[in-house]
Amino acid sequence: MPRALTKLNGPPLPSQPPRTIARGPLALLRFSGRLALLFTPLLILLATAAGLFLLSFGYPDISVSLVAAAEVTTGIALVLALATLYWQIRVRQAAQRGLHSVEERVVDLFESAMDPIVGIDEAQRIVAFNAAAERTFGWPREAALGQRLDMLIPERHRERHRAHVDAFAKTGKTSRRMGGQTVLTALRRSGEEFPIEASISQYLEGGVPRLTVFLRDITDRIRAQSQLAATAARMRGILDSAMDAIITVDDAQRVVLFNAAAEAMFGYAQEEAIGLPLATFIPARYRASHAGHVKRFGGEAPLSRRMAEARIITGLRRNGEEFPIDAAISHLEEGDATYYTVILRDVSARERALSDLRESKRELQELGAASEATREQEKSRIARELHDELGQALTMLRMDVAWCKANVPEAAQGVAAKLDRMETLLKGTVAATRRISSDLRPLMLDDLGLVPALEWLVQNMSQRSGIQCEFSTDDPSLTLPPAHSTAVFRIVQEALTNIAKHARASRADVSVRRDGNDVRIVVSDDGVGFATDDPRKPESFGLLGLRERISLLRGTAAIRSVRGTGTTIEVTLPVAAPDRP
Ligand SMILES: Nc1ncnc2c1ncn2[C@@H]1O[C@H](COP(=O)(O)OP(=O)(O)O)[C@@H](O)[C@H]1O
Ligand SMILES: [Mg+2]
């Protein structure tokens, strides 16, 4: 018996040759050998007795040959017996060598095991303690051997543990996992407790049960598990504090993750949602196209941590309510599996606000249009009143003054001079009244039509500003609905005013043309130009009003300007727009 095993495993085992080595002809040989061995002395005895007996009766010849026969038989039997014995010794030696090498292998395994292995006897005293056990528990083998197993178990668990091991020993079973699902606690020499996993096995040694406990220090695993759990909890916390719903589905589009915002958004508890198909959260009529979308997306290159695409889709709450959601989807390959994560934002409120905003803008535009129309009417009325009433009265006055001047007596000193001054003043006032009146709204626009009014406007601007202004049209008799002609007039007026105010131009061109159902107005100058994308100046409402007027009539405006080269305003107004004033 090797010393190592003795050291490890207490007193040596009585070694027994294996019983199964000889079979068939060998067994027969052995049997006959044993038989010969057994009967050899008896045969010698019998032959000798017969020889002596026959000798005494006077047949010495026979007795001698009998004795010789007995001797020969005995010799053969002896040789047979010796051969059998020799052979048996050889077999036994071979078996023992085999056993030794098995033992060595066991010892080797025992010693090189990564996990602690502790052997105990029926009194729960330690009889084997491998190198891993020394490392794990901190006890040298010499200190552990012969001690009670208790030394490796925290005080409070000893009683229970002992009972458990005893109970196991009584079952006569050969092996069992200890502790079931619960983690056992062991004690190091330093007093530190640590989690272990254990299984126990037993065998009988000369009728006495021997137990071997296989242990595994799972401190690292437990730590890793708890770190993993903490990470998962942190992750869950982040997911649940996200304002957006986050749903992850697997390849089969079944939910595997569902955060708190998703619970609130769709009305399903997380536990209910896990495993449901993604289609549950989409109205039936969109399901096919949505599934196709996700699948198509799956065909693209794998993505992680990147939003692939954002778009508005329709979601379905548990109560059947549909609502708009802004969705982004990303996918992640994990081994063979693909996971899709959709991040969803309920944009009902945003959409509602947007449509409210659109509505209020429309109302404001209508209000603006109405007030503009009223203003236009008012201007027109004042302009006409100024022209007709005041203008007429002033003209009459001027004629009267002229009569007085002609008929003033020579004697009335200084009256003629006064009348001269009055006449000049009246002339100026009449001109001013005309100018104010036509600035308010040229009566030509109502009386003669758009083209004469524009011609007058362009000429008037040219005279006032000194810039050379040209007007051109392809249709001198162009007539538009009142709202449109007013708009065209005001657009050209604003553009020309801007040229006069800002452009420092030498030339301006105005053209108004018919283009199918549209009317196109182009006003360009060769002035200094400006940056059209600059923010609007706080007091500047001219271009804003121009755009507003155009959008009310569902037209389009393009303002192009290059610094140092000039500005072009191009407006297209659809004329066949009967539903707007
Ligand atoms: N034809 C133009 N040439 C150069 N600058 C212009 C022209 N038209 C407009 N601008 C610039 O655009 C600004 C905004 O014009 P507008 O909205 O009509 O306001 P306002 O004329 O009251 O300043 C002007 O202040 C001017 O700087
Ligand atoms: Mg202006």
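**Entry 1: strands 10 and 11.** I looked up Ile-325 and found that its bridge partner in strand 11 is Asp-346. I note at once that this is a predicted model, and I read every entry below with that in mind. The two elements concerned are strand 10, residues 322-334, and strand 11, residues 337-346, and they pair in the antiparallel sense over ten bridges. Following the chain from one strand to the other, I saw that strand 10 and strand 11 form a hairpin with two residues between them, and that Gly-335 in the turn has a positive phi of about 65°.

**Entry 2: strands 7 and 8.** I then turned to another hairpin, where strand 7 (residues 245-249) and strand 8 (residues 255-258) run antiparallel and are joined by three bridges. As one of the partners to look for here, I took Thr-248, whose bridge partner in strand 8 is Leu-257. Five residues lie between strand 7 and strand 8 in this hairpin, and the residue I stopped at was Gln-253, which is found in the loop between the two strands. Phi of Gln-253 is near 60°, a positive value in a residue that is not glycine. I wrote beside it the general rule that most residues other than glycine have a negative phi. Is Gln-253 buried or exposed? Its relative accessible area is 14%, so Gln-253 counts as buried.

**Entry 3: Arg-504.** I looked up a further residue with a positive phi, Arg-504, where the angle is about 50° although the residue is not a glycine. Arg-504 lies in the loop between helix 15 and strand 13, the latter spanning 507-515. With a relative accessibility of 70%, Arg-504 counts as exposed, whereas Gln-253 is buried.

**Entry 4: the shell around ligand 1.** Helix 15 led me on to ligand 1, which is surrounded by 14 residues, the closest being Glu-494, Asn-498, His-502, Lys-537 and Leu-543. Which helices each supply at least two residues of this shell? I found helix 15 (482-503) and helix 16 (542-552), and the largest share, six residues, comes from helix 15. Sorted by character, the shell residues divide into four nonpolar, six polar and four charged.

**Entry 5: contacts of ligand 1.** I next went through distances from side chains to oxygen atoms of ligand 1, beginning with Glu-494, which has a polar side-chain atom 2.9 Å from such an oxygen. For Asn-498, an N or O atom of the side chain is 2.8 Å from an oxygen atom of the ligand, and for Lys-501 the corresponding distance is 3.2 Å. Taken alone, ligand 1 exposes 530 Å², and the protein buries 86% of that area.

**Entry 6: the magnesium ion.** What are the protein donors of the magnesium ion, ligand 2? They are Glu-494, through OE, and Asn-498, through OD1, lying 2.1 to 2.3 Å from the ion. I checked how these two residues stand to each other along the chain: Glu-494 and Asn-498 are separated by about one helical turn because they are four residues apart in helix 15. I also compared their accessibility, with buried meaning under 20% relative accessible area. Glu-494 is at 22% and therefore counts as partly exposed, while Asn-498 is at 16% and therefore counts as buried.

Key. Residues are numbered from 1 along each chain as its sequence is written. Chains are lettered from A and ligands numbered from 1 in the order in which they are written. This is a predicted model: local features need pLDDT of at least 70, side-chain atom pairs count only at pLDDT 80 or more; totals for chains, interfaces and linings use all residues. Side-chain values use heavy atoms; hydrogens and water are left out. A residue is near a molecule or strand if one of its heavy atoms lies within 4 Å of it. A polar contact is a pair of N or O atoms within 3.5 Å; within protein, one must be able to donate a hydrogen and the other to accept it, and residues adjacent in sequence count only if both atoms are side-chain atoms. Accessible areas come from the Shrake-Rupley method with a 1.4 Å probe; for residues, only the protein chains shown count as cover. Ala, Val, Leu, Ile, Met, Phe, Trp, Tyr, Cys and Pro count as nonpolar, Asp, Glu, Lys and Arg as charged, and the others, Gly among them, as polar. Donors are N, O and S atoms within 2.8 Å of the metal (3.2 Å for Na, K and Ca); water is not among the atoms, so sites may look incomplete. Buried means under 20% relative accessible area, exposed over 50%, partly exposed in between (1.4 Å probe, protein chains only). Two strands pair if DSSP finds at least two bridges between them.
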